[in-house]
Amino acid sequence: MNIRSLKTFLAVARYGSYAAASQNIGLTQAAISIQMKGLEEDMKVQLFDRSARKVVLTRAGRLLVPRAAELLRLYENIAQNLDEQQLGGTLAVGAIPPTFSGLLPDALLRLRDSHPGITVHVSTGVSSELTHKVERGELDVAIVGPPPHRLHGGMAWSKVSDEPLVLLAPAPFTKQPLPEVLSSHPFISITRTSWTGQLIHNLLRQYRLRVRESMELDSIETIAGMVARGFGVSILPLTPARWSLDERVAVMPLARPRVTREIGVVYKMGNERQPLIDALQDGLLAVPKDPVVAQPAITLSRKGA
């Protein structure tokens, strides 16, 4: 068994096939096959179910994924932190797409300036998917929305920022009470299985707001594009810096009460890279909040509507 074979194994497990792994790590499929057979011989277990048409991990293969990832990180960090005065090592970070518009890049710049010895590997996904990866040990930390349920297995979530919820409507838009807007326009929903989708649909139920749902999409940018083209309205979390994302879209913050979607970091307590996670969290908390752009608000409460 060697580090190279473990790297290849993790690539196959991640990309789901020898062909996809080959394209991403620069090895031929034949070389990958030889490495995987050698790894199975060294470990004396079968890691892949070769009766299936695609690469399917056996139970032993699934158990090896987090162990191999941990061993690889230890190997990559072996020369780091020998100087106790300077943080260093590799940090695997996941983040939801909205954080790439400012929060995450700004925090990474601060982290690089403060701790140049830390190498960060970044991947993206939805909150639930990233949290599962942290739980399985595939990521050290993830920047996600608030969990809709209690975390378990030694997992922790800590708030670092928030985003106001806003109504998106085609511009120009004459301000109306929110119930009238939602009942008279098709509603474009963010996927309700996502944590953000659950937050918004719980909000609609709480305030007894009825919608005529016409689409369910999984991307804030895609929804904004559909609103800009007149396909309907939507309620989404959006930082003030992005309120002018398209001149064809009118953006109105929800008010009375003001509602936000929190952003936080999720990680496993007791992680040996906790000092690196803390340094990232410090960088996230230090990012200046977006200035609130003057925009007409729309009242959320039934009484105010």
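## Salt bridges

In this predicted model, 11 salt bridges are counted. Side chains of opposite charge can pair when their charged atoms come close. Several of the pairs involve R273, and another joins E213 to R192.

## R273 and its partners

R273 forms a salt bridge with E70, at an N to O distance of 3.5 Å. Because R273 sits in the loop between β9 (260-268) and α10 (274-286) while E70 belongs to helix α4 (residues 59-76), this contact ties together parts that are 203 residues apart in sequence. R273 is buried, with a relative accessibility of 4%, whereas E70 is partly exposed at 30%.

A salt bridge also connects R273 with D140, here at 3.0 Å from N to O. D140 lies in the loop between α6 (127-136) and β3 (141-144), so the pair ties the loop between β9 and α10 to a part of the chain 133 residues apart in sequence. D140 has a relative accessibility of 1% and therefore counts as buried, since the cut-off for that class is under 20%.

These contacts belong to a network of salt bridges that links E70, D140, E272 and R273.

## The E213 and R192 pair

In the salt bridge between E213 and R192, the closest N and O atoms are 2.7 Å apart. E213 is in strand β6 (residues 212-217) and R192 is in the loop between β5 (186-190) and α8 (195-206); the two residues are 21 residues apart, and the pair links distant parts of the chain.

E213 is partly exposed, with a relative accessible area of 32%. R192 is likewise partly exposed, at 38%.

Conventions:
Residues are numbered from 1 along each chain as its sequence is written. This is a predicted model: local features need pLDDT of at least 70, side-chain atom pairs count only at pLDDT 80 or more; totals for chains, interfaces and linings use all residues. Side-chain values use heavy atoms; hydrogens and water are left out. A salt bridge is a side-chain nitrogen of Lys or Arg within 4 Å of a carboxyl oxygen of Asp or Glu. Helices (H or I, at least four residues) and strands (E, at least two) are DSSP runs, numbered from the N terminus. Buried means under 20% relative accessible area, exposed over 50%, partly exposed in between (1.4 Å probe, protein chains only).
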